[in-house]
Amino acid sequence: MRAQVKNIILCYISGLNHEQAFTKVVVELRKKYPGHILPDEDLQWIFVNAGGWMGSMCLLHASLTEYVLLFGTAVDTGGHSGRYWAEVSDTIISGTFQQWKEGTTKSDIFYPGDTIIHSLGEATSVRWSAGTWMVEYGRGFIPSMLGFALSDTIFSTQDFLTLYYTIAVYTKALILEANTYLTGAGFF
């Protein structure tokens, strides 16, 4: 799925602002993966506080082994990437993303059209410039990521409404995925 998601994204980044690109990406993903992308009424931008940074995500698809979401920030932010039992790739639509990998003494800067791979078990320092928006695809044991993704929300910001929104949309995505699988297998 990662290669198809990246190809869809790259078709729409040139000349479009991030909101137009996101709309086109959602439409194309729904065409390519019917029944796997959340309906419009379940798409919502939710704050994410993790590793000292703050961003916003809009979950499009999730299962126990993969997810696709829109992500970005309207302000400069940065911190720790987290260390996951999953591989994450981010394709930048607008803005810049800076990454400093553990064990190195220099950072890399990524621009629109670039895809950043965060390998399984890897930890980095991350920084987004204001106006950075991207499409993210993760593959691996996705529940292993929830501790990191929710810990700042629970223990620092104590924004329990955001916690509720995050858990609710992930649950909706899991239910959608289960229903799609069971329907395809002939159970419904």
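Contact here means heavy atoms within 4.5 Å. Keep that in mind for the first view, and remember throughout that this is a predicted model.

**View 1. Asp152 and the residues it touches.** Asp152 sits in helix 3, which covers residues 146-157. Leaving aside residues up to four places away in sequence, Asp152 touches Asn49, Ala50, Gly51, Gly52, Thr157 and Gln158. With Gly52 there is a specific link to look for: the Asp152 side chain reaches the backbone nitrogen of Gly52 at 3.0 Å. For a sense of scale, Thr73 is 79 residues from Asp152 in sequence, and their C-alpha atoms are 17 Å apart in space.

**View 2. Gln158, in the loop after helix 3.** This residue is one of those touched by Asp152. Gln158 belongs to the loop between helix 3 and helix 4 (160-184). Its backbone is worth a look, since Gln158 has a positive phi of about 50° although it is not a glycine. Gln158 counts as partly exposed because its relative accessibility is 49%.

**View 3. A salt bridge between Asp42 and Lys172.** The structure holds seven salt bridges, and here the side chains of Asp42 and Lys172 meet in one of them, at 3.2 Å from N to O. The two partners come from distant parts of the chain, 130 residues apart: Asp42 is in the loop between helix 2 (18-32) and strand 1 (46-50), while Lys172 is in helix 4. Is Asp42 buried or exposed? Its relative accessible area is 15%, so Asp42 is buried. Lys172, at 39% relative accessibility, counts as partly exposed.

**View 4. Arg139 meets Glu87.** This salt bridge joins the two side chains at 3.9 Å, N to O. Again the pair links distant parts of the chain, with Arg139 in strand 10 (residues 132-140) and Glu87 in strand 5, 52 residues apart. Arg139 has a relative accessible area of 40%, so it is partly exposed. Glu87 also counts as partly exposed, at 23% relative accessibility.

**View 5. Glu122 meets Lys101.** Here the salt bridge spans 3.4 Å from N to O. Glu122 lies in the loop between strand 8 (115-118) and strand 9 (124-128) and Lys101 in strand 6 (residues 97-101), so the pair ties together parts that are 21 residues apart in sequence. Glu122 counts as buried, at 16% relative accessibility, whereas Lys101 is partly exposed, with a relative accessible area of 32%.

**View 6. Aromatic rings, edge-to-face.** There are 11 aromatic pairs in the structure. In one of them, Phe22 and Trp133 stand edge-to-face, 6.5 Å centre to centre with 85° between the planes. Phe22 lies in helix 2 and Trp133 in strand 10, so this pair ties together parts 111 residues apart in sequence. Both Phe22 and Trp133 are buried. Now turn to Trp53 and Phe71: their ring centres are 5.6 Å apart and their planes are at 85°, so this pair is edge-to-face. Trp53 is in strand 2 (residues 53-62) and Phe71 in strand 3 (residues 66-73), so parts 18 residues apart in sequence are tied together. Trp53 and Phe71 are both buried, and they form one aromatic cluster with Phe97, Phe110 and Trp128.

**View 7. A nonpolar patch on the surface.** Which residues make the patch? Trp85, Leu120 and Phe141 do, covering about 390 Å². Trp85 is placed in the loop between strand 4 (77-80) and strand 5 (86-94). Trp85 counts as exposed because its relative accessibility is 59%.

Definitions and conventions
Residues numbered from 1 in each chain as written. Predicted model: local features only at pLDDT ≥ 70, side-chain atom pairs only at ≥ 80, totals over all residues. Heavy atoms only, no water. Patch = residues over 30% accessible without salt bridge, like charges linked within 9 Å, V, L, I, M, F, W, Y side chains within 5 Å. Areas by Shrake-Rupley, 256 points an atom, 1.4 Å probe, with all protein chains shown as cover. Salt bridge = Lys/Arg side-chain N within 4 Å of Asp/Glu carboxyl O. Helix = DSSP H or I, 4+ residues; strand = E, 2+ residues; numbered from the N terminus. Buried < 20%, exposed > 50% of the residue type's maximum accessible area, 1.4 Å probe, protein only. Polar contact = N/O pair within 3.5 Å; in protein donor to acceptor, adjacent residues only side chain to side chain. Phe/Tyr/Trp six-rings, centres within 6.5 Å; stacked < 30°, edge-to-face > 60°.
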